[in-house]
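Here are my comments on the model you sent, as numbered points. They run from the nucleic acid surfaces to the chain pair and then to individual elements.

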Number of protein chains: 2
Amino acid sequence: MYEKVLIAEDMDDINKGVYSLLKELGIPEIQQVQYCDDAHLKLKKGVFDKDPFQLLITDLSFKSDHRNEKLASGEALVAQARAEFPKLKIIVYSVEDRLQRVRSLIANYKIDAYVCKSRTGLKSLAEAIKSTYTNQLYLSTEVSNALSRKSELEINDYDILLIKHLAKGLSQDEISHLFKQKDISPSSLSSIEKHLNRLRIQFKANNAIHLVAITKDLGLI
Amino acid sequence: MYEKVLIAEDMDDINKGVYSLLKELGIPEIQQVQYCDDAHLKLKKGVFDKDPFQLLITDLSFKSDHRNEKLASGEALVAQARAEFPKLKIIVYSVEDRLQRVRSLIANYKIDAYVCKSRTGLKSLAEAIKSTYTNQLYLSTEVSNALSRKSELEINDYDILLIKHLAKGLSQDEISHLFKQKDISPSSLSSIEKHLNRLRIQFKANNAIHLVAITKDLGLI
DNA sequence: TAACTCTTTGTGGATTTCCGTAAGGCATAC
DNA sequence: GTATGCCTTACGGAAATCCACAAAGAGTTA
């Protein structure tokens with residue numbers, strides 16, 4: 001089993017919960033940090049001391065406070081960690097349950113497991129730890145079909161961007177101009193209308209207002 | 001100090017963290033539930049057994065799963081608990097940090113403390129427990145000014161209702177018809193336009209979409 | 001009562017969104 | 001090569017919004 005594990009999680013209560021789980025699993029060396037930058041430092045120090053961490057368990061969202069950090073999000077931490085320490089196992093442990101998000105983490109950073117925080121989050125996390133130790137990708141049940149092809153008709157980054165700009169108060173015409181200016185394709189008013197229309201249908205929204213309200217409730221934007 | 005405390009929190013890791021905090025505080029009887037309905041049952045049973053809970057610590061958001069519950073949210077649980085057990089102390093422990101939300105919980109249900117989950121959430125929770133035991137309202141630092149600045153409260157229930165219906169996807173014309181039907185005044189399309197226009201100016205919103213997005217972020221709707 | 005203010009309601013017009021249709025580009029399959 | 005499907009773009013009309021101004025009503029004050 002793992003000998004040396006790092007937990008990156010800003011909320012102290014969860015941090016505590018994960019810590020006691022690792023203790024129960026009999027892992028001898030456990031370190032905890034509440035900031036992404038601290039996590040990065042610890043990882044580097046481990047390598048420097050010739051005693052590297054074998055596993056990183058990290059959240060995705062870290063509330064920002066007075067400190068201004070270089071690594072502003074869990075995703076940034078994952079990206080950095082994967083780039084610098086290819087052998088490090090990474091488990092993402094987050095409330096986020098959007099399949100698209102999970103997919104992109106796996107595709108871009110080759111994370112070793114994704115566990116949704118939930119009623120049974122800790123149990124899943126325990127399984128994830130065991131699976132990753134034997135080099136098996138682990139996804140908790142909530143997101144287990146993130147890799148199946150069926151859910152391909154999800155929304156992509158372009159759609160999110162579109163809705164975000166809508167929510168910021170831009171008209172469709174203004175978005176069109178902005179996209180042209182930034183070389184984001186498609187940028188024609190007609191295409192923007194078409195994409196929004198598809199999204200409205202997909203989310204069963206009556207109009208653009210409704211669409212923004214729904215996606216906000218879902219936490220997509 | 002409290003003798004009998006109930007924790008309602010769906011995520012097992014946080015539940016674990018809170019539990020160990022209460023243990024450290026020397027509270028002898030601690031019970032935990034992961035569903036609102038279970039919390040309600042426990043509270044009722046306590047009274048029935050002539051050994052009522054003195055304190056409820058509850059989250060606001062509970063993910064729904066296969067069970068279909070009567071009390072679908074933490075707020076519903078709080079409402080029910082306050083109505084049935086006026087002497088029960090209630091601490092809400094949630095990530096939600098919108099002042100309006102805190103305000104309405106205090107105004108409507110007379111909760112005894114509101115603690116934001118954060119890096120130092122557990123520490124705040126400990127203070128909240130002590131404060132409430134001496135009948136003092138406690139608000140964690142993130143939301144401590146929820147009661148001070150009531151300046152922004154120039155919007156009334158009519159405005160909120162209006163925006164809520166917008167967010168549900170109704171057109172201004174449909175809202176007009178609905179209001180006429182329900183005898184809500186003013187109900188003319190013209191007046192609805194005028195009110196929305198005032199709100200847009202007030203919130204510096206470019207259009208109705210923007211207005212809904214802003215008020216949603218503020219937790220007004 | 002008259003003057004004043006505030007709110008509701010109405011009207012017209014510019015702008016934007018909504019929705020269908022159609023043309024053109026581009027890749028893949030036959 | 002041609003056919004096919006998918007996507008972008010364009011255009012036009014209906015509907016909804018945004019906005020300015022005017023009229024009617026209700027309440028207040030002098």
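**Notes on the predicted model**

1. By class, the surface near DNA strand C is made up of two nonpolar, nine polar and five charged residues. This is a predicted model, and every value below should be read as computed from it. In total, 16 residues surround DNA strand C, and the closest are A:Glu193, A:Arg200, B:Pro186, B:Ser190 and B:Ser191. Of the atoms of DNA strand C that come within 4 Å of the protein, sugar and phosphate account for 57%.

2. Three polar pairs can be listed for DNA strand C. A polar backbone atom of B:Ser187 is 3.2 Å from a phosphate oxygen. The side chain of B:Ser191 also goes to a phosphate oxygen, with a polar atom at 3.1 Å. For B:Ser190 the partner is a base nitrogen, which lies 2.6 Å from a polar side-chain atom. The elements giving two or more residues to this surface are helix 7 (172-182) and helix 8 of chain A, together with helix 8 of chain B.

3. DNA strand D has 14 residues around it, of which A:Pro186, A:Ser190, A:Ser191, B:Glu193 and B:Arg200 come nearest. The surface near DNA strand D divides into two nonpolar, nine polar and three charged residues. Sugar or phosphate supplies 56% of the atoms of DNA strand D within 4 Å of the protein, and bases supply the rest.

4. Which side chains place an N or O atom by a base nitrogen of DNA strand D? In A:Ser190 such an atom is 2.5 Å from a base nitrogen, and in B:Glu193 the distance is 2.8 Å. A:His195 instead has a polar side-chain atom 3.1 Å from a phosphate oxygen of DNA strand D. Two elements give two or more residues to this surface, namely helix 8 (189-202) of chain A and helix 8 (189-202) of chain B. Helix 8 of chain A gives the most, with four residues.

5. On the relation between the protein chains: a turn of 179° and a shift of 2.0 Å along the axis lay chain B on chain A with an RMSD of 1.9 Å. Both copies use the same surface, since 100% of the contact residues of chain B recur in chain A.

6. Is helix 9 (residues 208-218) of chain B enclosed or exposed? Nine of its 11 residues are buried, so the helix is largely enclosed by the rest of the structure. The buried residues run from B:Ala208, B:Ile209, B:His210 and B:Leu211 through B:Val212, B:Ala213, B:Ile214, B:Thr215 and B:Lys216. Their cover includes helix 6 (157-167) and helix 9 (208-218) of chain A, as well as helix 6 (157-167) and helix 8 of chain B.

7. The two ends of helix 9 of chain B can be described separately. At the N-terminal end, B:Asn207 acts as a cap, with a side-chain oxygen 3.1 Å from the backbone nitrogen of B:Ile209. Just after the helix, B:Gly219 takes a positive phi of about 80°.

8. In chain A, six strands form an open sheet in the order 2-1-3-4-5-6, with parallel pairing. Strand 2 (29-33) and strand 6 (138-139) are the edge strands, each pairing on one side only. Strand 4 (residues 89-94) and strand 5 (residues 113-116) of chain A pair in the parallel sense over four bridges. A:Tyr93 stands opposite A:Val115 of strand 5.

9. A:Val115 also appears in the surroundings of A:Ser124, a residue of helix 5 (residues 121-133) of chain A. Leaving aside neighbours within four places in sequence, A:Ser124 is in contact with A:Val115, A:Tyr138 and A:Ser140. At 9% relative accessibility, A:Ser124 counts as buried.

10. B:Asp59 sits in the loop between strand 3 (55-58) and helix 3 (74-84) of chain B. B:Asp59 is a buried residue, with a relative accessible area of 3%. Beyond its neighbours within four places in sequence, B:Asp59 is in contact with B:Ala8, B:Glu9, B:Asp10, B:Gly74, B:Tyr93, B:Ser94 and B:Lys117. With B:Lys117 there is a polar contact between the two side chains, at 3.2 Å. B:Leu77 is 18 residues from B:Asp59 in sequence and 9.6 Å away in space, C-alpha to C-alpha.

Note on methods:
Residues numbered from 1 in each chain as written. Chains lettered and ligands numbered in written order. Predicted model: local features only at pLDDT ≥ 70, side-chain atom pairs only at ≥ 80, totals over all residues. Heavy atoms only, no water. Near = heavy atom within 4 Å. Polar contact = N/O pair within 3.5 Å; in protein donor to acceptor, adjacent residues only side chain to side chain. Nonpolar A, V, L, I, M, F, W, Y, C, P; charged D, E, K, R; others polar. Buried < 20%, exposed > 50% of the residue type's maximum accessible area, 1.4 Å probe, protein only. Contact = heavy atoms within 4.5 Å. Least-squares fit on C-alpha atoms with pLDDT ≥ 70 in both. Pairing = 2+ DSSP bridges.
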